[in-house]
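Please open the model in your viewer and keep the selection tool at hand. The tour below goes from one selection to the next and says what is found at each stop.

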Amino acid sequence: MYVQNLMKRHEIDCSNLSHIEEYYQMLYQYGNGDKKALREAIAEEDYPETEKQYRMIEQGSMQVIVPYSGETELYKTIREKLDREGLTNEIINMAKPLTVSCYDGKQVKQYCETLFHYSYEDREKISTNYYLLGIRDYYDEKQGLYFKEMFDGIF
């Protein structure tokens, strides 16, 4: 929508700083704007600080491989490879369609299995920020990860 409005005004040149500024002014005209620290870093052309301040979502997410319905064969293959090889770049790429991010570290650590990769020298286990969800009931196609308490007794 903003690009279309900008194109109505003039031809867009993505390397033209005034066009970029115009786009962002349109984008943020009704919002609260950027954090003060980000605005200052940009004004001072402090690019490392700009990168640090620009993070939309704070770091610290955990990657969880979930057993999506309809992808049980892929999940099973990944599970078997993890058991044999530990976490590898190949498995990470293979698991992309089944991987979700979660910021609730306490719940992830409680309900998911920590995945490890092995060092090249001595095959020492090294922990990662990847986890495997083994209980299908803790993933909902609409809600995502949902760590509800399961009750296995009689009411």
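The stops that follow cover confidence, salt bridges, a pocket and two cysteines.

Begin by colouring the chain by pLDDT, since this is a predicted model. The mean pLDDT of the chain is 81, with 86% of its residues reaching 70 or more. Select helix α5 (residues 72–85), which has the highest mean pLDDT among the elements of the chain, at 94, and then helix α4 (residues 47–53), which has the lowest, at 74.

Return to helix α5 and show the side chains of Arg 79 and Asp 83, which form a salt bridge whose closest N and O atoms are 2.7 Å apart. Both residues lie in this helix, four residues apart, or about one turn of the helix. Asp 83 counts as exposed, at 53% relative accessibility, whereas Arg 79 is partly exposed, with a relative accessible area of 22%. Side chains of opposite charge can pair when their charged atoms come close. This pair belongs to a structure in which a search finds six salt bridges.

Next select Arg 84 and Glu 85, which form a salt bridge with their closest N and O atoms 3.8 Å apart. Salt bridges that share partners join these two residues with Lys 81 and Glu 90 into one network. Within it, Glu 90 pairs with Lys 81, the closest N and O atoms being 3.6 Å apart. Lys 81 counts as buried, at 11% relative accessibility, while Glu 90 is partly exposed at 47%. Arg 84 is exposed, at 53%, and Glu 85 is partly exposed, at 25%.

Keep Glu 85 selected, because this residue also helps to line the second largest pocket, together with Leu 87, Thr 88, Asn 89, Ile 92, His 117, Tyr 118, Ser 119, Tyr 120 and Arg 123. The elements giving two or more residues to this lining are α6 (89–94) and β3 (112–118). The pocket has a volume of about 220 Å³, and the residues of its lining divide into four nonpolar, four polar and two charged.

For the last stop, select Cys 102 and Cys 112 and ask how far apart their sulfurs are. The distance is 7.5 Å, and Cys 102 is in no disulfide; Cys 112 is likewise in none. A search of the whole structure finds zero disulfides. Both cysteines can be checked for exposure as well: Cys 102 is buried, with a relative accessible area of 10%, and Cys 112 counts as buried at 9%.

Definitions and conventions
Residues numbered from 1 in each chain as written. Predicted model: local features only at pLDDT ≥ 70, side-chain atom pairs only at ≥ 80, totals over all residues. Heavy atoms only, no water. Disulfide = S-S within 2.5 Å. Buried < 20%, exposed > 50% of the residue type's maximum accessible area, 1.4 Å probe, protein only. 1 Å grid on protein atoms, 1.4 Å probe; cavity = no way out; pocket = protein on both sides within 12 Å on 5 of 7 lines; lining within 4 Å. Points joined across faces, edges and corners; volume = space filled by probe spheres on them. Nonpolar A, V, L, I, M, F, W, Y, C, P; charged D, E, K, R; others polar. pLDDT = per-residue confidence, 0-100. Salt bridge = Lys/Arg side-chain N within 4 Å of Asp/Glu carboxyl O.
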